[in-house]
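Work through the exercises below with the model open. Try each task before you read its solution.

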Amino acid sequence: MAARSIIPRFTRFKTVLSGSRKRAGALALALTSVLPACSSGSHIAQPVETGFVGEVVADEPQAVLVGRDVLAKGGNAADAAAALGLALSVTLPSRASLGGGGACLAWKPGESAGQAFVFLPRAGLNDTGADRPASAPMLARGLYLMQLRYGSVDFADLLLPARNLASRGVPVGGLLASDLAAVQAPLLADEKTRAIFGNANGNVLVADDVMVQTRLAGALERMRIAGVGDLYAGALGQTFAEAARVAGAGLTTLDLRAAIPVAAQPLTARVDGIDISFLPPPADGGFGMAAAYLSNVGQNGGRVRAETAVSGWRARQGAKGAAISIADAQALLNSGHIPAGSVLPALPASTSFVVTDRQGESVSCAFTMNNLFGTGRIAGSTGIMLGASPVRKPLPLLPVAIAHRGNQFQAAATASGQNVAADTAAVALQAAIAGSRPQVTNGVGRANFVSCPAGLPGDGSKCFGWTDPRGFGLALSSDHGKKS
């Protein structure tokens, strides 16, 4: 196939799959195909938009810049979110890696609720006997499926920024430096992780040290050329599975083939004429966020803590097993009878971001390795950090919500912060819808949101992004690079 970069009109993905064939074949291609190369260039076209083209907010500034650049060059929110998510696998491998997973929520004008894409870390079939059981790599397939449904460019082009960051090296950001300091002993004890995260003095990298990941760049380039499916059903997958075995991860090629993301209807609520979508179970941080938000605005009786709501939900799920569903969660929200549980055990770390574009399309995601740096081991020559299996680690709370009034985008909010992530996100959503700064700086949670309280005017003048000032994130408007 002839080389094709991101061109000025940002050709829709229907150049590969069109019409009914796109709808019928999207899932199969996203999950199993080894796609041919559709781009081999190392350049991106000149900007095709002027003025406001969107907002990008995330915990890691270098990834924010990647998302901003995609918007500035004509991509939509889904394109920018996919590129940003892939960049996080390079710039923040402690919380986001091709070996980890997460969930995204997407909405565009004309939709009643949008769509959720759930690609949580999942256990391997034989990980109970593994030395350090790893989760199957879900991130690439999850982002591919989301971008296939909502994006506007070839996914291969969106791998380029991440590949370039990995091969050329990136300065270690503040959040990654903090994470490295927290787990430096186990990382330095392993030869492969020490080669990436250690310095010449035998210590972990610190802020502004340059981190180069040539092997990860090779894996990203392989996926760019052969398609995302190569990690799951191709040569890259074979290499990954063998390296994972050597690393004691307990993963096989069967686990890679079975690592399939799910597209699902979000949980929904309507408050004062505003429609709000939340991530659905099994990304149950969305359920907790919804329960807390609705109680905060007086829709569901007394105050509800998101953490205890999720604890009650997980207990209910354990009791009913396969019989419980998204519809059950929606019914509980509608009734206001939220199951109350106890405090959850210590939960893993995560990271989150929000992207909106000038048309009002919005994508918000939360990612996790199910433990800082996952298993603490690399899948050999692929350079991919292995996520931790949920068999031994409970899944984190991944809270995401998008609000709109009719066809007008209003707000999108998400947060990290282990056990308080969903409570923090609920407070952030309330502030984002009101167009104010949230009062969340008393806890350990870190929120990210975009607010357009008056809708989304063409110049974006009434919109702003917000990230917790105690963290290391960045809120950036794609309006000549102006910070929000």
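**Exercise 1. The hairpin of S9 and S10**

Find the residue with a positive phi in the hairpin of S9 and S10.

Solution. Step 1: two residues lie between the strands of this hairpin. Step 2: Asp272 is the residue with a positive phi, near 55°. Step 3: S9 and S10 pair in the antiparallel sense over five bridges. Pairing needs at least two bridges found by DSSP. Step 4: Leu267 has Phe278 in S10 as its bridge partner.

Two notes on the basis. The model is predicted, so local features need pLDDT of at least 70 and side-chain atom pairs pLDDT 80 or more, whereas totals for chains, interfaces and linings use all residues. Residues are numbered from 1 along each chain as its sequence is written, and side-chain values use heavy atoms, without hydrogens and water. Helices (H or I, at least four residues) and strands (E, at least two) are DSSP runs, numbered from the N terminus.

**Exercise 2. The faces of S9**

Sort the residues of S9 into a covered and an uncovered face.

Solution. Step 1: recall that side chains alternate between the two faces of the sheet in a regular strand. Step 2: the covered face of S9 holds Leu267, Ala269 and Val271. Step 3: Thr268 and Arg270 form the uncovered face.

**Exercise 3. The six-stranded sheet**

Which strands stand at the edges?

Solution. Step 1: write the order of this open sheet, S9-S10-S13-S14-S15-S16, with antiparallel pairing. Step 2: S9 (267-271) and S16 (464-467) are the edge strands; each has a single partner strand, so one side of each lacks a neighbour in the sheet. Step 3: neighbouring strands are turned by 15° against each other on average, direction ignored. Step 4: check the S16 end. S15 (residues 446-451) pairs with S16 in the antiparallel sense over four bridges, and Asn448 stands opposite Thr467. Step 5: add the helix. H13 (residues 285-296) lies across S9, S10, S13 and S14, at about 150° to S10. Such angles run from 0 to 180 degrees between N-to-C directions, with axes fitted to C-alpha atoms, for helices over the stretch in contact.

**Exercise 4. The seven-stranded sheet**

Give the strand order, then find the helix that packs on the sheet through S1, S11 and S12.

Solution. Step 1: the open sheet runs S8-S3-S2-S12-S11-S1-S17, with antiparallel pairing. Step 2: S8 (262-264) and S17 (474-477) are at the edges, each with a single partner strand, so each has one side without a neighbour in the sheet. Step 3: the twist averages 10° from one strand to the next. Step 4: S2 (residues 101-107) and S12 (residues 362-368) run antiparallel, joined by seven bridges. Ala106 has Val363 as its bridge partner in S12. Step 5: H3 is the helix; its direction makes about 155° with that of S11.

**Exercise 5. H3 against H4**

How are H3 and H4 oriented to each other?

Solution. Step 1: the axes of H3 (residues 77-91) and H4 (residues 139-150) come within 9 Å and cross at roughly 170°. Step 2: H3 and H4 are therefore roughly antiparallel, a label for angles over 145 degrees. Step 3: list the contact (heavy atoms within 4.5 Å). H3 brings residues including Ala78, Gly85 and Leu86, and H4 residues including Leu143 and Met146. Step 4: the residues of the contact divide into eight nonpolar, three polar and one charged.

Notes. Angles under 35 degrees count as roughly parallel, over 145 as roughly antiparallel, 65 to 115 as roughly perpendicular and the rest as oblique. Ala, Val, Leu, Ile, Met, Phe, Trp, Tyr, Cys and Pro count as nonpolar, Asp, Glu, Lys and Arg as charged, and the others, Gly among them, as polar. Buried means under 20% relative accessible area, exposed over 50%, partly exposed in between (1.4 Å probe, protein chains only).
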